[in-house]
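Q: Could you take a close look at one salt bridge for me and then connect it to the rest of the assembly? I'd enjoy a walk through the charged side chains, with the reasoning spelled out.

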Protein chains: 8
Amino acid sequence: MLRHLPFEDLGFAHVDHHRPIRQGFPEVIYCPGKTNEQIIKIFESLAAKGNNVLATRANPEVFQSLAETAKFSKAHYEQLARAIILEQKKLPPSKSVLPIVTAGTSDLPVAAEAKVTAEIMGQRTELICDVGVAGLHRLFDHLPKLQKANVIIVIAGMEGALASVVGGLVSCPVIAVPTSVGYGSSFEGLSALLTMFNSCASGVTVVNIDNGFSAAVTATLINREIEAGSKKS
Amino acid sequence: MLRHLPFEDLGFAHVDHHRPIRQGFPEVIYCPGKTNEQIIKIFESLAAKGNNVLATRANPEVFQSLAETAKFSKAHYEQLARAIILEQKKLPPSKSVLPIVTAGTSDLPVAAEAKVTAEIMGQRTELICDVGVAGLHRLFDHLPKLQKANVIIVIAGMEGALASVVGGLVSCPVIAVPTSVGYGSSFEGLSALLTMFNSCASGVTVVNIDNGFSAAVTATLINREIEAGSKKS
Amino acid sequence: MLRHLPFEDLGFAHVDHHRPIRQGFPEVIYCPGKTNEQIIKIFESLAAKGNNVLATRANPEVFQSLAETAKFSKAHYEQLARAIILEQKKLPPSKSVLPIVTAGTSDLPVAAEAKVTAEIMGQRTELICDVGVAGLHRLFDHLPKLQKANVIIVIAGMEGALASVVGGLVSCPVIAVPTSVGYGSSFEGLSALLTMFNSCASGVTVVNIDNGFSAAVTATLINREIEAGSKKS
Amino acid sequence: MLRHLPFEDLGFAHVDHHRPIRQGFPEVIYCPGKTNEQIIKIFESLAAKGNNVLATRANPEVFQSLAETAKFSKAHYEQLARAIILEQKKLPPSKSVLPIVTAGTSDLPVAAEAKVTAEIMGQRTELICDVGVAGLHRLFDHLPKLQKANVIIVIAGMEGALASVVGGLVSCPVIAVPTSVGYGSSFEGLSALLTMFNSCASGVTVVNIDNGFSAAVTATLINREIEAGSKKS
Amino acid sequence: MLRHLPFEDLGFAHVDHHRPIRQGFPEVIYCPGKTNEQIIKIFESLAAKGNNVLATRANPEVFQSLAETAKFSKAHYEQLARAIILEQKKLPPSKSVLPIVTAGTSDLPVAAEAKVTAEIMGQRTELICDVGVAGLHRLFDHLPKLQKANVIIVIAGMEGALASVVGGLVSCPVIAVPTSVGYGSSFEGLSALLTMFNSCASGVTVVNIDNGFSAAVTATLINREIEAGSKKS
Amino acid sequence: MLRHLPFEDLGFAHVDHHRPIRQGFPEVIYCPGKTNEQIIKIFESLAAKGNNVLATRANPEVFQSLAETAKFSKAHYEQLARAIILEQKKLPPSKSVLPIVTAGTSDLPVAAEAKVTAEIMGQRTELICDVGVAGLHRLFDHLPKLQKANVIIVIAGMEGALASVVGGLVSCPVIAVPTSVGYGSSFEGLSALLTMFNSCASGVTVVNIDNGFSAAVTATLINREIEAGSKKS
Amino acid sequence: MLRHLPFEDLGFAHVDHHRPIRQGFPEVIYCPGKTNEQIIKIFESLAAKGNNVLATRANPEVFQSLAETAKFSKAHYEQLARAIILEQKKLPPSKSVLPIVTAGTSDLPVAAEAKVTAEIMGQRTELICDVGVAGLHRLFDHLPKLQKANVIIVIAGMEGALASVVGGLVSCPVIAVPTSVGYGSSFEGLSALLTMFNSCASGVTVVNIDNGFSAAVTATLINREIEAGSKKS
Amino acid sequence: MLRHLPFEDLGFAHVDHHRPIRQGFPEVIYCPGKTNEQIIKIFESLAAKGNNVLATRANPEVFQSLAETAKFSKAHYEQLARAIILEQKKLPPSKSVLPIVTAGTSDLPVAAEAKVTAEIMGQRTELICDVGVAGLHRLFDHLPKLQKANVIIVIAGMEGALASVVGGLVSCPVIAVPTSVGYGSSFEGLSALLTMFNSCASGVTVVNIDNGFSAAVTATLINREIEAGSKKS
């Protein structure tokens with residue numbers, strides 16, 4: 001059964017063409033550890049199908065190389081998110097808005113990755129930035145927006161306590177993203193990761209350190225299902 | 001605003017009575033580190049509101065003490081899940097079924113905790129047990145059920161690879177629960193936790209080691225929203 | 001200079017008699033790793049000076065052995081705090097009240113150790129229990145008391161976020177005590193410890209896991225200095 | 001209540017203007033992870049209120065960019081402390097002197113951060129440098145100054161034993177700062193951190209690795225309260 | 001007995017000339033931590049015996065320096081594998097093919113090191129690249145090749161689950177190589193390492209992170225023995 | 001293809017009946033985390049096929065319960081190995097002998113698990129016990145036997161150096177098993193594990209801490225292939 | 001050469017009889033992980049040579065079993081040190097005294113192991129107990145004795161700072177033994193171990209956590225060489 | 001007593017002038033974390049006393065700056081050891097030779113630091129390089145030299161097993177230095193450190209990762225005492 005799913009073997013990569021069909025995903029390239037040549041070849045293979053393409057953790061040099069091929073005039077580079085985006089078909093916008101909340105300004109790059117990922121999948125997003133627990137009044141100002149959401153992404157480094165606090169204030173699922181922001185005993189995100197894992201608030205689940213992409217994909221999956229209604233109904 | 005939410009101060013505990021209202025939760029007691037006397041007092045305070053009550057990680061002795069009070073004739077003890085359950089109002093059953101999948105037989109206690117938690121919140125569940133990646137044919141037999149679900153709980157110890165494999169086979173969110181099953185370099189669940197965190201499959205989020213309760217709450221939140229439709233629509 | 005400070009050499013211990021003079025401390029015995037015989041001999045040596053004596057982390061058996069000597073009729077045992085207390089001279093009570101705040105009911109034993117330690121040193125204390133960040137409204141009810149304090153002890157296990165939140169709400173020093181309450185990736189207090197260390201709130205310092213004693217001593221030192229006024233003025 | 005506290009939303013940051021009022025703090029920017037443009041905008045927002053401004057962990061390039069705006073002629077850069085300082089109102093000097101003690105010469109940058117932080121908050125400080133435990137006679141020469149202090153900051157890397165030794169010699173609170181100085185099994189400050197955490201001396205509390213800023217804020221909070229006398233008296 | 005084995009003392013290195021005889025190995029230089037001068041001298045000493053020489057983890061500069069000596073015209077540099085290869089005697093090709101399987105494209109450098117190592121020892125290899133568990137259908141397409149092998153090398157970073165899955169599908173030994181590919185909680189290969197170690201599939205053994213060389217040597221040892229038949233028969 | 005492999009669903013376990021066919025394995029039960037009732041039911045299901053059955057990490061109580069069923073008169077219990085063995089068909093003995101080498105006497109239980117596992121799969125074994133590197137002359141006495149083997153299992157706790165030393169003395173694959181023997185900084189086998197992982201000797205691969213079972217299965221797979229000759233020849 | 005050294009193969013142990021000859025050691029049995037039967041057999045084998053025998057980490061039950069054999073009337077049990085001692089030949093006492101210094105009373109069991117080990121090897125010892133760095137005046141009282149020693153053993157748990165302080169006060173080698181005394185972030189001795197490793201004082205070397213035996217053997221080796229004079233002179 | 005020891009306060013450093021007197025040490029500067037200006041000032045202060053001066057972990061730039069002062073014409077730079085050496089008085093050479101043994105060529109920089117340190121303190125040394133346990137015959141060739149030594153330094157990275165093996169072959173103290181040589185799970189020296197710590201061979205003590213300096217100081221202390229004879233005799 002699985003063996004008839006479409007993919008293309010480039011030698012150094014098995015490019016998978018059924019995910020966009022199956023999950024409404026863009027085609028995605030995770031850039032680190034791949035050469036510019038490999039990325040361009042995978043990009044070409046993916047773009048040829050007419051789908052949206054997203055390349056994450058891309059250096060400016062990668063985009064430069066891609067631009068020099070002059071093949072993808074519609075592709076653009078989001079610097080803060082370190083993402084290359086080729087939007088070949090516009091998805092209909094979500095009804096509800098996905099809040100992306102950060103504890104500090106330094107968490108912005110991860111939030112930006114989450115934002116471009118969610119948006120290319122059709123989500124409307126709102127960035128609420130720098131509302132960490134050391135000054136709760138900043139968060140409370142945004143509470144009505146949070147309580148209206150179907151799902152929320154919370155991004156925090158250092159002590160990562162924001163996810164627990166938000167989780168205790170809302171009744172929807174919260175996807176927590178620890179970030180590597182911090183120093184000393186933050187241990188490159190480990191402290192925030194453990195805090196989020198041990199959250200006393202129900203409804204909080206966690207993704208890998210700095211993984212804005214994965215948080216956005218999961219949030220989108222959830223929101224789409226909600227807006228579409230249950231498979232069983 | 002927050003200050004007018006109802007709670008009761010027992011001296012050793014602030015019993016919170018608005019969560020059941022806000023989230024459709026049962027009232028919940030996490031037992032470890034509390035004396036039997038404390039648990040019984042909190043139980044009484046919660047039950048008095050007429051809601052469902054769930055006590056997790058409860059030793060048989062805790063239930064024994066509770067039973068001896070002769071106040072909660074409807075409460076019963078689920079041994080495998082180590083949970084005390086008092087169902088005072090039956091919630092309407094969910095339309096869709098929540099699959100709870102385990103890698104091995106030894107992961108059953110965590111699955112049982114997830115099962116009683118989801119069920120007291122009205123979810124219909126199905127346990128699919130002992131289908132770890134070392135024998136994939138056992139998993140594939142259950143694939144149709146998995147692909148019909150709105151959300152899936154995957155529970156695995158040792159190398160924890162099952163969450164990634166399931167995540168790659170379905171298009172709904174997967175909530176992964178690492179377990180402390182294993183020995184040697186499994187480091188009491190750390191190995192499974194890291195595996196799940198680094199999952200290459202999109203849509204996989206993770207909760208704390210052995211935390212079947214939290215996985216069930218989140219899965220229920222998601223499924224309820226899906227069956228209810230979006231807040232915004 | 002240092003060499004003329006008084007101590008007594010019991011062979012297995014150098015009992016230090018100048019600390020009570022120098023710091024207004026009770027004489028203190030940390031019990032783990034000592035035999036009952038050793039503890040009793042040290043207790044006798046300390047009590048003979050007429051000062052207050054505190055034995056921490058003492059099992060009931062230790063107190064039983066001590067009671068059987070029939071030498072310290074005024075000594076009593078605090079079960080929750082696991083402490084033996086011999087109050088031979090009552091210190092004048094502090095003017096201000098020291099709040100001891102816990103995130104959960106399971107943190108009570110550590111809070112109890114902090115409480116008996118602070119009280120034998122003359123501090124008036126108030127226990128505010130079970131006000132963790134998953135339900136902030138419980139904490140906010142106690143805010144006026146917290147904002148009046150000279151120094152606050154915050155005790156939390158699991159994700160330990162309460163210290164940051166309190167630190168952001170008050171303008172006095174906060175002494176944070178991580179506890180070993182939790183399971184899975186709480187790693188016996190490590191998660192709470194790291195959270196507290198990485199607190200974004202200023203004025204938060206941290207002591208060892210479960211070390212209610214040390215938090216109480218430091219809080220008392222600070223409060224005494226405040227109530228006495230500066231050495232320099 | 002909290003919601004009426006003043007802040008300014010710059011999009012990428014929620015600038016908090018009530019802390020200086022509430023705590024007598026300077027306005028503070030933690031620079032890492034922020035772009036030069038963001039830092040300048042936050043700096044402008046903070047300076048506009050007429051308060052003192054402190055930017056920590058600032059590279060020389062950050063100050064260069066700030067200087068090029070020609071808006072803050074009074075701002076200067078402390079190279080060793082990596083801090084930008086804008087002192088718009090001079091606070092009255094503290095009566096007592098705050099000793100800042102380091103184990104080695106390599107701990108100086110952390111001590112310098114503590115020093116500029118304490119001084120902009122009005123503290124008089126004295127740096128006692130390179131008096132680690134491998135040559136105790138160097139420390140003992142400074143003992144009279146230490147024993148006169150209301151609170152002491154001790155900064156040490158490598159084995160971090162200095163905090164325990166100082167804690168045993170004085171009767172005031174000691175704030176310990178582990179540093180990332182060292183190599184091999186110092187594990188970037190972890191060794192010093194653990195040593196300080198396990199200090200047998202009472203009155204020692206710990207802040208994050210290399211966090212001279214936080215130590216200085218806490219020490220200032222304590223000293224101010226002492227010099228002001230108790231809130232309750 | 002051991003003392004009569006041949007080696008050459010270069011002062012900074014004891015060059016061992018009996019391994020090629022004993023194990024059918026090439027002479028091998030592990031380059032990191034050695035100066036170019038040292039590497040060239042060891043290379044000369046090894047090449048002088050007429051055997052094949054392999055230098056692993058070699059920067060291009062090392063090969064450049066070697067080439068400038070003009071002594072080894074047959075040596076060439078494999079960029080992806082970071083290896084210098086001097087094949088002075090061609091070994092007869094193995095009868096069976098050694099599959100080298102990777103989870104992702106980013107694992108290619110490690111696979112390349114394994115490939116050149118196995119090939120200079122006479123193994124015929126086949127690279128099967130980018131068939132990680134998030135898209136199992138890509139792996140299944142190659143299953144017949146895997147089931148025909150005498151031994152398989154599986155290379156994976158991130159969650160490292162591929163080794164378990166392959167181990168469950170074949171009946172020959174699997175040598176698993178964790179890679180440092182990944183970010184955040186992959187902890188530079190630790191996550192993949194632990195996953196592979198805790199594999200539930202029998203027949204899976206593990207080598208050091210990124211150690212393609214060692215995996216290839218072991219796989220070759222096994223395959224040679226199989227093709228040669230038992231020593232005892 | 002995979003979906004037609006035979007298994008039996010007991011509710012709490014998917015009993016897999018094709019492994020014995022596919023790999024010449026006994027049917028195996030890993031006991032920890034399973035109730036006696038579950039183990040007996042799985043045992044019955046496996047034994048009914050007429051194959052050999054091995055239950056590992058079994059307490060004496062498990063065997064006692066099994067014996068009380070009076071269904072498996074031929075099953076016996078190996079105390080040191082903590083294994084229950086039911087040998088229903090005797091496999092032909094291997095031509096070569098598999099050496100199982102331990103560093104210390106305390107490593108014997110792991111060696112015993114390896115021994116019963118290998119023997120029920122038809123391997124002839126020889127135990128060489130207590131020949132750790134602190135007294136190399138003990139090892140050298142057994143060198144001829146080691147150099148004749150097709151594959152060797154080396155079991156060591158504490159510093160685990162024996163695997164490297166043996167790997168340097170032989171030309172066949174070495175399967176290294178770290179054990180949890182030791183104390184202090186052996187960290188329950190982690191020290192031995194890391195040592196073996198970083199072995200400089202080629203041909204050494206590693207299995208999980210205390211995993212004598214897995215080492216024996218892999219060694220048997222290798223030896224069988226060698227004695228059978230290559231699939232391709 | 002090595003192969004002619006005497007040993008005895010008991011099956012489960014290779015008893016080594018040349019160490020006593022080579023190093024002036026007693027014959028030594030490390031008990032954990034060995035059965036009583038094994039320990040008795042090894043003890044018999046060792047005692048038969050007429051040398052002194054030392055069994056370390058022995059439970060009282062082990063000695064009980066040994067006593068019941070009625071074969072070693074001169075063997076006695078040191079409870080605190082958990083050691084069985086059979087002194088068959090008395091060694092001449094050392095000229096100098098070996099100081100064994102502990103930070104706390106709880107470190108006594110490790111000190112006792114060091115003491116019995118050193119004494120059976122002929123060393124005169126002096127125990128200086130409970131002189132940790134939180135009260136340096138207790139240590140300074142013993143300074144003359146320390147400065148006269150040829151080598152010193154320092155034993156400390158918790159923060160382990162005593163080794164650095166002693167190392168800075170004397171000019172002879174210091175052997176540091178971290179102990180597992182402590183709680184919370186002492187991590188069973190890891191904190192003390194790291195502190196000692198990062199000691200700024202020269203001449204300090206470290207042995208495994210709680211390893212009083214090894215410290216005593218090394219100290220004895222050093223002192224013997226000093227008292228005997230150089231091999232070369 | 002201690003307070004009359006000579007030192008010089010440079011503001012950023014307390015230069016200690018009694019160590020050379022007390023321990024026969026050179027004056028030593030540990031360079032990392034100090035500015036060139038600070039190093040030069042300390043160097044001047046030390047050199048002015050006429051003693052030997054050693055600056056460790058010095059970059060070439062440090063030496064360049066020092067040379068440009070034209071004040072220390074006799075100072076020279078040892079590149080491999082990264083040390084600056086000013087020998088103002090030649091110590092008499094030791095009678096015995098100190099062997100410095102390394103497992104690999106990559107351990108040479110640490111060995112070089114040990115060598116220059118020991119030599120400036122008057123020790124005659126012999127470097128035995130690249131004799132790791134994967135080829136024991138290389139080590140055995142040097143055994144007679146090792147067995148003649150009073151004390152031996154063993155330096156090894158990766159698995160670090162060499163210290164145990166040497167410790168089992170000689171009867172003098174062995175000082176083990178783990179190095180950060182290796183990759184993957186060597187964790188920058190942690191693997192070697194743990195191996196050495198858990199050594200089964202008696203007489204092995206350990207210093208910090210890469211700390212050739214400290215090993216040389218301790219070895220010199222021991223050898224000097226041996227050649228001088230006991231203080232007590």
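**A salt bridge and its surroundings**

A: Happy to. In chain C, a salt bridge joins the side chains of C:Arg57 and C:Glu113, at 3.0 Å from N to O. C:Arg57 sits in the loop between β4 (53-56) and α3 (60-68) of chain C, while C:Glu113 belongs to helix α4 (residues 108-120) of that chain, so the pair ties together parts that are 56 residues apart in sequence. Both partners are hidden from solvent: C:Arg57 is buried, and C:Glu113 is buried as well. Please keep in mind that this is a predicted model, so every distance and area here is computed from predicted coordinates.

The pair is one of 48 salt bridges that the structure holds over all chains. Another one is found in chain B, between B:Arg138 and B:Asp130, where the closest N and O atoms are 3.8 Å apart. That distance still qualifies, because a salt bridge is counted when the side-chain nitrogen of Lys or Arg is within 4 Å of a carboxyl oxygen of Asp or Glu. How exposed or buried are the two partners? B:Arg138 has a relative accessible area of 9% and is therefore buried. B:Asp130, with 12%, is buried too. The cut-off behind both statements is that buried means under 20% relative accessible area.

Chain F offers a salt bridge between F:Asp130 and F:Arg138, again with 3.8 Å from N to O. Here F:Asp130 has a relative accessible area of 12%, so it counts as buried. Its partner F:Arg138 is buried at 9%.

Now for charge at the surface. A:Glu188, D:Glu188, E:Glu188 and H:Glu188 together form a negative surface patch. Residues in such a patch have over 30% relative accessible area and no salt bridge, and like charges are joined within 9 Å. Taking one member, D:Glu188 is located in the loop between β10 (174-178) and α8 (190-197) of chain D. D:Glu188 reaches 63% relative accessibility, so it counts as exposed, since exposed means over 50%.

The relation between chains is worth a look as well. A turn of 180° with a shift of 0.0 Å along the axis lays chain A on chain B, with an RMSD of 0.0 Å. That is therefore the relation of a two-fold axis. Among the residues of chain A, A:Ile226 comes closest to this rotation axis, its C-alpha being at 2.0 Å. Chain A also superposes on chain C, through a rotation of 180° with 0.0 Å of shift along its axis and an RMSD of 0.0 Å. For that axis, the nearest C-alpha in chain A is that of A:Ala161, 2.6 Å away.

Two backbone details round off the picture. G:Arg82 has a phi near 50°, a positive value in a residue other than glycine. G:Arg82 is placed in the loop between β5 (76-78) and β6 (83-86) of chain G, and its relative accessible area of 37% makes it partly exposed. H:Asp210 likewise has a positive phi, near 65°, and is a residue other than glycine. The loop that holds H:Asp210 runs between β11 (204-206) and α9 (212-228) of chain H. H:Asp210 has 18% relative accessibility, so it counts as buried.

Terms used
Residues are numbered from 1 along each chain as its sequence is written. Chains are lettered from A and ligands numbered from 1 in the order in which they are written. This is a predicted model: local features need pLDDT of at least 70, side-chain atom pairs count only at pLDDT 80 or more; totals for chains, interfaces and linings use all residues. Side-chain values use heavy atoms; hydrogens and water are left out. Patches are made of residues with over 30% relative accessible area and no salt bridge: like charges are joined within 9 Å, nonpolar side chains (Val, Leu, Ile, Met, Phe, Trp, Tyr) within 5 Å. Accessible areas come from the Shrake-Rupley method with a 1.4 Å probe; for residues, only the protein chains shown count as cover. Lys and Arg count as positive and Asp and Glu as negative; His and the chain ends are not counted. The place of a charge is taken as NZ of Lys, CZ of Arg, CG of Asp or CD of Glu. Helices (H or I, at least four residues) and strands (E, at least two) are DSSP runs, numbered from the N terminus. Buried means under 20% relative accessible area, exposed over 50%, partly exposed in between (1.4 Å probe, protein chains only). Copies are superposed by least squares on the C-alpha atoms of residues with pLDDT of at least 70 in both.
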